Amino acid sequence: MSGNFCEGKLATAQSITPEDFSRYWGKHSLPAGFETFLKAINTRYREANKVDLEEYIASFIAKVSKVSATRTEEDNLTIFEKGWAEHIARIQKHCDLSALRPKYYERGVPYLLGEGCTMHVCENPGLAADMQLLYVRYLMSSLLAESKTIHEFGSGTAQNLLVMASMAPDRTFLGYEWTDSGVALATMVGQKCGYSISGRKFDMLRPDHSVAVRGDAVLTITSVEQLGENYDAFLEYLLEQKPSLVFHIEPDTTPPAMPSMYHSLAVLYMRLRGYPQAFTQKLVELQRQEKIHILLSRQLPWMAAFGNYRCIAWKPC
């Protein structure tokens with residue numbers, strides 16, 4: 001994919017503005033000081049032209065032809081164990097976010113889905129990774145502002161934990177991973193960077209109900225997607241524990257207001273990858289059963305070229 005940012009007659013660049021970001025969350029204004037974080041990253045993009053669209057379709061076909069949804073649980077464990085272990089060596093050299101950015105983000109692509117699953121070409125090939133952390137900063141400075149203890153399940157490289165801890169160094173952050181390397185990495189990040197961050201072993205497929213999160217905040221970011229359709233046990237664990245707030249940023253198949261070919265392709269890709277197809281609908285059903293109350297449900301653009309993501313915040317009834 002060339003995705004040349006400067007090509008084509010439609011190359012007039014735009015940037016994601018504070019007003020845009022407020023609209024993503026359905027808010028009239030952003031938390032104090034948040035615009036500084038937004039201005040610190042390169043959000044310049046342009047509308048995709050015909051050549052871009054042809055390249056995108058070609059790259060999509062090439063990508064899905066290599067996708068296997070039959071990767072076993074053991075395969076996943078091996079892959080993530082090795083992947084997170086590589087970051088341990090990085091964080092030992094220097095403690096900053098660049099050492100924790102997952103390698104799959106280093107293969108950034110210039111195409112991302114914007115609002116309403118429209119296609120754009122981005123000047124910054126790492127914009128998806130930057131936007132994920134920007135969404136975490138927003139949560140930390142607004143909806144999580146009063147939470148004293150925050151638990152992230154599927155904390156990966158602990159980059160989200162480090163972002164949150166740097167904004168609230170007086171809080172406690174716990175990262176849960178099913179890999180030994182992920183547990184060690186979260187603890188090492190806390191030790192090396194001087195924050196109250198620690199790792200714990202936890203299998204989201206087989207939750208340990210003795211792990212207490214009652215009254216605290218819980219966060220998952222692209223970790224439920226690894227469970228496929230086997231997320232019921234984890235949700236039952238959360239319902240039993242009754243955390244004060246739960247936030248998910250996970251794959252979503254909810255159609256946009258306007259029909260979009262790109263949304264259809266995103267849903268196809270997520271299905272082929274074995275991602276959950278009805279997680280959002282499951283939470284809506286739990287609300288109908290008066291087991292939870294959904295506080296927020298927003299599609300989050302700029303997270304992927306071949307996927308669609310939503311933030312859902314809820315609390316147990």
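Me: What is a salt bridge?

Reply: A salt bridge is a side-chain nitrogen of Lys or Arg within 4 Å of a carboxyl oxygen of Asp or Glu. The general idea is that side chains of opposite charge can pair when their charged atoms come close. This model is predicted. Take R288 and E285: their side chains form a salt bridge, at 2.6 Å from N to O.

Me: Where do R288 and E285 sit relative to each other?

Reply: Both belong to helix α11, residues 279-288. They are three residues apart, so about one helical turn separates them.

Me: Are R288 and E285 buried, partly exposed or exposed?

Reply: R288 is exposed, at 60% relative accessible area. E285 is partly exposed, at 29%.

Me: Which residues are joined into one network by salt bridges that share partners?

Reply: D20, R23 and E115 are joined that way. Within this network, D20 bridges to R23, with the closest N and O atoms 2.9 Å apart. D20 and R23 are three residues apart in helix α1, residues 18-25, and so are separated by about one helical turn. D20 is buried, with a relative accessible area of 13%. R23 is partly exposed, at 40%.

Me: What about D170 and R171: how far apart are N and O in their salt bridge?

Reply: The distance is 3.7 Å, N to O. D170 is exposed, with a relative accessible area of 61%. R171 is buried, at 12%. The cut-off for buried is under 20%, and for exposed over 50%.

Me: How many salt bridges does a search of the whole structure find?

Reply: The search finds 11. Among them are D20 with R23, D170 with R171 and R288 with E285.

How values were computed. Residues are numbered from 1 along each chain as its sequence is written. This is a predicted model: local features need pLDDT of at least 70, side-chain atom pairs count only at pLDDT 80 or more; totals for chains, interfaces and linings use all residues. Side-chain values use heavy atoms; hydrogens and water are left out. Helices (H or I, at least four residues) and strands (E, at least two) are DSSP runs, numbered from the N terminus. Buried means under 20% relative accessible area, exposed over 50%, partly exposed in between (1.4 Å probe, protein chains only).
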